[in-house]
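Please examine the model below with regard to its cysteines and its strand pairing.

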Amino acid sequence: MLQCPLCDCGDSLSVYHSKTTKNSKTPFIYWQCGSCSLVFLQPDQRLSPEEERQRYEKHENVISDPGYRSFLQLLVDYMMPNIHQFRLHSSLSNVTGLDYGCGSNPTISVLLEEEPFIKVKLFDAFFYPYKELLETNAYDFITCSETAEHFFYPHQEFKTLVSCLKAGASLGVMTGFLPEQDAFASWYYHRDPTHVCFYSERTFQWIARNLGCTVEFPKRNIAILTKAAPASDNS
């Protein structure tokens with residue numbers, strides 16, 4: 001039985017969009033979950049890990065590209081108030097974060113480390129597969145830029161990321177938010193075959209509610225989830 005990869009719901013799925021390509025007569029089917037609003041590509045139509053890696057190796061995203069640098073600077077700029085606030089409230093001299101899905105040419109980490117009090121560790125399933133970095137809850141912030149759309153198992157991925165945060169710390173996500181349904185067919189974002197999950201504000205609200213976070217949307221395509229602090233014991 002087909003189930004939503006985010007909320008596991010199987011009884012409220014509907015076909016959101018289908019398309020055929022020049023290379024395949026079988027239509028690609030995108031489903032939408034009525035519970036969390038995630039739109040996702042039918043799982044058996046995803047690329048293999050080998051095909052994914054080949055696509056990523058062709059990316060030419062480098063920090064020397066002013067356009068790419070400016071694009072990622074958006075997430076950095078919207079994350080900095082949260083990082084500063086967390087640093088102040090925690091009385092930290094320095095903060096350590098994680099760039100999750102950094103790709104073969106890490107860039108956000110370079111931008112963040114222009115601040116002398118910030119240190120960023122790197123994780124990427126293909127290029128920096130250091131899983132031990134995900135076995136801690138010691139991060140003062142996490143960035144996840146142009147990565148969430150690649151998640152095969154978004155519930156597992158977001159649960160892991162939130163678990164890696166200290167209480168009160170933030171996860172900054174940048175991904176293309178769903179347009180209106182009648183605009184999906186012409187939307188460039190789903191044409192990349194490695195893009196398999198698509199989110200709306202309602203989807204991120206579901207994620208926040210179910211993983212113990214608050215969420216804010218400072219700009220379209222950016223969601224900042226902040227992990228709730230543990231309830232104080234006044235007894």
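The questions that follow concern a predicted model.

Q: How many disulfides does the count come to?
A: A disulfide requires two cysteine sulfur atoms within 2.5 Å. The nearest cysteine sulfur to C36, that of C4, is 3.6 Å away, and C36 is in no disulfide. For C197, the closest cysteine sulfur is 7.7 Å away in C4, too far for a bond. By this rule, the number of disulfides is zero.

Q: Is C197 buried or exposed?
A: The cut-off for a buried residue is under 20% relative accessible area. C197 has a relative accessible area of 1%. C197 is therefore buried.

Q: How many residues of strand β6 are buried?
A: Strand β6 spans residues 139–145 and is largely enclosed by the rest of the structure. This enclosure follows because the buried residues of β6 number seven of the seven.

Q: Which residue of β6 stands opposite L98?
A: Strand β4, residues 95–100, pairs with β6 in the parallel sense. Three bridges make up this pairing. Within β6, the residue opposite L98 is I142.

Q: Which residue in β7 is the bridge partner of T143?
A: Strand β7 covers residues 165–174 and runs parallel to β6. The two strands are joined by six bridges. The bridge partner of T143 in β7 is G172.

Q: What is the handedness of the β-α-β crossover from β6 to β7?
A: After leaving β6, the chain passes through helix α4, residues 154–164. From there the chain reaches β7, completing a β-α-β crossover. The crossover is right-handed.

Definitions and conventions:
Residues numbered from 1 in each chain as written. Predicted model: local features only at pLDDT ≥ 70, side-chain atom pairs only at ≥ 80, totals over all residues. Heavy atoms only, no water. Buried < 20%, exposed > 50% of the residue type's maximum accessible area, 1.4 Å probe, protein only. Helix = DSSP H or I, 4+ residues; strand = E, 2+ residues; numbered from the N terminus. Pairing = 2+ DSSP bridges. Right-handed = clockwise from strand over helix to strand, strands pointing away.
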